[in-house]
Amino acid sequence: MNLTLDDGKLFYDLYAALLSFVNRKLEVSSETFSDSREYTSTPPEVRLAIRDALFDRRELIDEFVGENPAKLGADELEIVGTWKRVLPGTFYVFRYLKKHTVFLTSSGSPNRAYGVLALADPMEEVIGPYLPRLITTVLLPFRGKIIYDGLISGYNITFGGGVKRRLNEEYRQAKEMFGIITSLGDQAAPSPKKKPKKRPRKAKALVGGRSASAQAKAITEELTEMTDAFCRDFLNEEYADLCRKLAAALARKRPSPLLRGRLETWACGIVRTIGWVNYLDDPSQKPHLRLPFIDQAFGVAESTGQGKSKAIRTMFKIQNFDPRWTLPSKMDDNPRVWMLEVNGFIMDVRRAPREVQELAFEKGLIPYIPADRSEADEGA
């Protein structure tokens with residue numbers, strides 16, 4: 001469901017006036033606009049920068065209402081004043097309903113479901129037909145309803161059955177505790193409608209840890225779906241293989257750390273770790289990504305992504321240029337792969353006699369004999 005045409009036009013008029021005021025105050029961009037038509041023609045990245053600056057300094061809303069540079073009426077100023085109660089964040093666009101679209105929070109406990117109205121275009125045209133979809137946006141109150149501010153950053157990640165089942169369960173719990181929230185402000189975090197009855201858990205028989213092992217295996221399958229989708233969209237198959245290997249290593253630990261924490265956080269930490277080893281954030285590398293982009297794609301805070309990656313690296317004693325987690329295509333360029341101690345001296349084993357290389361290969365100290373790899377490449 002959309003806002004009416006009149007309400008949609010009013011929103012853009014008010015939002016353009018407020019962001020124009022913020023841009024003049026903070027000098028975020030040299031791009032200027034004076035009305036909603038010029039605002040919607042301004043590059044999205046400029047609008048995003050000004051929007052983010054505003055909600056870092058929400059007191060500017062009070063300044064705008066007090067100064068009233070756009071000569072708005074009292075009712076219009078009252079609407080703008082409610083925008084101090086915005087809800088910025090990362091959400092799963094979860095379900096299209098007749099009255100609204102359900103946005104499910106991606107972090108926090110318990111999760112909440114918000115019924116959000118579209119602006120000019122139907123939400124399905126903006127987001128696309130396939131759900132769930134992970135996005136970053138700002139939810140705003142507007143005349144007792146919830147809208148989004150017209151600026152959405154989407155992440156092209158496809159979610160598999162495991163993630164969908166988990167989201168269905170979180171949606172069920174959110175509806176049971178809070179209902180679908182349709183207004184912000186005092187109702188943004190309402191008292192639970194009813195407290196779910198705690199059912200006594202039946203003790204499970206653990207034979208040789210099989211139950212925990214099965215649970216870790218199921219989690220690993222979901223993690224692999226998430227990391228595979230990310231690597232398919234933004235990296236390559238080499239990264240996907242190493243992410244699967246690291247997820248499997250986490251599952252094999254006893255007890256597996258995967259049994260605690262959010263899947264998105266583990267997926268983010270895994271990709272971040274493999275990216276860190278292979279200097280993914282170095283612009284000279286191909287593929288190349290800034291590590292905070294990984295956090296955004298999985299809907300976790302940057303500090304959380306950094307912390308999880310650090311925990312994984314500590315757990316497995318992973319270091320820079322770690323040969324165990326180096327992309328196969330980068331093995332030739334990794335000095336730690338080839339520097340070995342021979343007769344008390346550190347040397348590049350690629351320059352050693354072949355019999356030394358063969359011995360190192362047999363002991364698993366090097367991944368292959370360089371000359372054999374070169375010959376294979378030439379033959380291909």
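These are legends for a set of close-ups of one predicted protein model.

Being a prediction, the model comes with filters: local features need pLDDT of at least 70 and side-chain atom pairs count only at pLDDT 80 or more, while totals for chains, interfaces and linings use all residues. Numbering starts from 1 along each chain as its sequence is written, and side-chain values use heavy atoms, with hydrogens and water left out.

**View 1. The whole protein, before zooming in.** There are 15 helices and nine strands here; both are DSSP runs numbered from the N terminus, helices being H or I with at least four residues and strands E with at least two. Of the 380 residues, 45% count as buried. For the cut-offs, buried is under 20% relative accessible area, exposed is over 50%, and partly exposed is in between (1.4 Å probe, protein chains only). The exposed surface comes to about 20,600 Å², and carbon and sulfur atoms supply 50% of that; the areas are Shrake-Rupley values with a 1.4 Å probe, and for residues only the protein chains shown count as cover. Among contacts (heavy atoms within 4.5 Å) with a separation of 6 or more, 63% are between residues 24 or more positions apart.

**View 2. Lysine 9 and aspartate 13, a salt bridge inside helix α1.** The whole structure holds 18 salt bridges, each one a side-chain nitrogen of Lys or Arg within 4 Å of a carboxyl oxygen of Asp or Glu. In this one, the closest N and O atoms are 3.0 Å apart. Both residues sit in α1 (residues 5–26), four residues apart, about one turn of the helix. An α-helix has 3.6 residues a turn, so residues three or four places apart point the same way. Aspartate 13 is partly exposed at 27% relative accessible area, and lysine 9 is exposed at 54%.

**View 3. Glutamate 63 and lysine 25, a salt bridge between two helices.** Here the closest N and O atoms are 3.6 Å apart. The pair ties together distant parts of the chain, with glutamate 63 in α4 (residues 59–67) and lysine 25 in α1, 38 residues apart. Glutamate 63 is partly exposed, with a relative accessible area of 30%, and lysine 25 also counts as partly exposed, at 41%.

**View 4. The buried face of α4.** Leu60, Ile61 and Phe64 are the buried residues to look for in this helix. Looking down the axis of α4, they fall within an arc of 105°, so they line one face of the helix; the arc is taken from the directions from the helix axis to the C-beta atoms. They pack against α1, α3 (44–56) and α5 (74–81). After the helix comes asparagine 68, with a positive phi near 50°.

**View 5. A salt-bridge network around glutamate 264.** Arg166, Glu170, Arg262 and Glu264 are the linked members. Within the network, glutamate 264 bridges to arginine 262, with the closest N and O atoms 3.4 Å apart. Is glutamate 264 buried or exposed? Glutamate 264 is buried, at a relative accessible area of 1%, whereas arginine 262 is partly exposed at 29%.

**View 6. Strand β1 and its partners, β4 and β2.** β1 (residues 87–96) and β4 (residues 133–142) run antiparallel over seven bridges; two strands pair if DSSP finds at least two bridges between them. Tyrosine 92 stands opposite leucine 134 in β4. With β2 (residues 101–105), β1 has five bridges, also antiparallel, and tyrosine 96 has threonine 101 as its bridge partner in β2. β1 and β2 make a hairpin with four residues between them.

**View 7. Helix α12 and its cover.** α12 (residues 302–316) has 15 residues and reaches 22 Å from first C-alpha to last, close to the expected 21 Å, where the expected span is 1.5 Å times one less than the number of residues. Its buried residues are Gly305, Lys308, Ser309, Ile312, Arg313 and Phe316. They cover an arc of only 135° around the axis, which puts them on the same side of α12. Their cover includes α9 (237–252), α10 (263–277) and α11 (291–298). Just past the helix, lysine 317 takes a positive phi of about 55°.

**View 8. Glycine 269, a buried spot in α10.** Glycine 269 has a relative accessible area of 0%. Leaving aside residues up to four places away in sequence, glycine 269 touches Lys308, Ser309 and Ile312. Cysteine 243 is 26 residues from glycine 269 in sequence and 9.8 Å away in space, C-alpha to C-alpha.
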